[in-house]
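Colleague: Please teach me how to read a model like this one, feature by feature, with the general idea before each case.

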Amino acid sequence: MCDANLETSEKFFENEGETKEIHYLLTQQIQIDIMDAGKEASKMVDLSKFKTFDFNEGVPYVSVTSNGLTFNKSVIMKMNYPPYVRLLINEEDKQIALQTCQENDEKAVSFYREKANGVLSVRWNSKDLIQTVARLCGWDLKNKSYRVPGIMIPDASLMLFEMTDATEMV
């Protein structure tokens, strides 16, 4: 309902005589007017630091199975669709990380490529990688699979996976 080209107002709450209205202004601010039983107040709220929440992204995670590591669409979207990444492994703290990089960077590996079917996921099925992760975590991937949530660290262009936070997939 926010149109940056003009000022509008919208009544969004009414309860027992109290009404609140939002006025969208050109300056990326909103004015909230509150009328409550004859009392009137106004407050300006600066929206310049707000970002629109994207419900399509979801929670980033990697699935680890005997067939490979699959990074879900949220990992790809939150990392801004990187064509190349470096896979970093911290054996001491049982962490893996994806860091965006350039094609010619040392140990860069291909990551996101648009698929004809539109599916947003990346699967790595390197047996060496699967065995390394299984050994690192002490997992029996022949009988169990795991899901590990990711944490985006924007300043480092990095998605971190704390392998100790894994949950068993059913």
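**Reading exposure, contacts and strands**

Modeller: Let us begin with one residue: Y81 is partly exposed, at a relative accessible area of 36%, where the scale calls a residue buried under 20% relative accessible area, exposed over 50%, and partly exposed in between, using a 1.4 Å probe and protein chains only. This is a predicted model, in which local features need pLDDT of at least 70 and side-chain atom pairs count only at pLDDT 80 or more, while totals for chains, interfaces and linings use all residues. Residues are numbered from 1 along each chain as its sequence is written, and side-chain values use heavy atoms, with hydrogens and water left out.

Colleague: What share of the 170 residues of the chain counts as buried, and how many helices and strands are there?

Modeller: Of the 170 residues, 34% count as buried. Helices and strands here are DSSP runs numbered from the N terminus, helices being H or I with at least four residues and strands being E with at least two, and the chain holds 2 helices and 13 strands. Contact means heavy atoms within 4.5 Å, and among contacts between residues at least 6 apart in sequence, 42% join residues at least 24 apart.

Colleague: How many salt bridges does the structure hold, and where does E91 lie in relation to R135?

Modeller: A salt bridge is a side-chain nitrogen of Lys or Arg within 4 Å of a carboxyl oxygen of Asp or Glu, and the structure holds 2 of them. One joins the side chains of E91 and R135, at 3.5 Å from N to O. Because E91 lies in the loop between β7 (84–90) and β8 (95–100) whereas R135 belongs to helix α2 (residues 127–137), this pair ties together parts that are 44 residues apart in sequence. E91 is partly exposed at 44% relative accessibility, whereas R135 is exposed, with 52%.

Modeller: The side chains of E168 and K144 also meet in a salt bridge, at 3.8 Å from N to O. This pair links distant parts of the chain, since E168 is in strand β13 (residues 167–169) and K144 is in the loop between α2 and β11 (145–153), 24 residues apart. Both count as partly exposed, E168 at 47% relative accessibility and K144 at 37%.

Colleague: How many aromatic pairs does a search of the whole structure find?

Modeller: Rings of Phe, Tyr and Trp (its six-membered ring) pair if their centres lie within 6.5 Å, and planes under 30 degrees apart count as stacked, over 60 as edge-to-face and the rest as tilted. The search finds 6 such pairs. In one of them, the rings of F71 and F161 have centres 5.8 Å apart and planes at 55 degrees, so the pair is tilted. F71 lies in strand β6 (residues 68–71) and F161 in strand β12 (residues 158–162), so parts that are 90 residues apart in sequence are tied together. F71 is buried at 0% relative accessible area, and F161 is buried at 0% relative accessibility. Returning to Y81, its ring and that of Y112 have centres 5.4 Å apart and planes at 65 degrees, so this pair is edge-to-face. Y112 counts as buried, at 14% relative accessibility. F71, F111, W124 and F161 form one aromatic cluster.

Colleague: Which members of the largest nonpolar core touch the most other members?

Modeller: In soluble globular proteins, nonpolar side chains tend to be buried together. A nonpolar core is a set of buried Ala, Val, Leu, Ile, Met, Phe, Trp, Tyr and Cys residues joined through side-chain atoms within 4.5 Å. The largest one here has 27 residues, and those touching the most other members are L69, F71, L98, F111, W139, F161 and M163. Its largest share, 6 residues, comes from α2. Leaving aside residues up to four places away in sequence, W139 touches V64, V133, A134, Y146, V148, M163 and A166.

Colleague: Which strands pair with β5, and in what sense?

Modeller: Two strands pair if DSSP finds at least two bridges between them. β5 pairs with β11 in the antiparallel sense over 4 bridges, with V64 opposite Y146. β5 and β6 also run antiparallel, joined by 4 bridges, and a hairpin connects them through 2 residues. Because 4 of its 5 residues are buried, β5 is largely enclosed by the rest of the structure.
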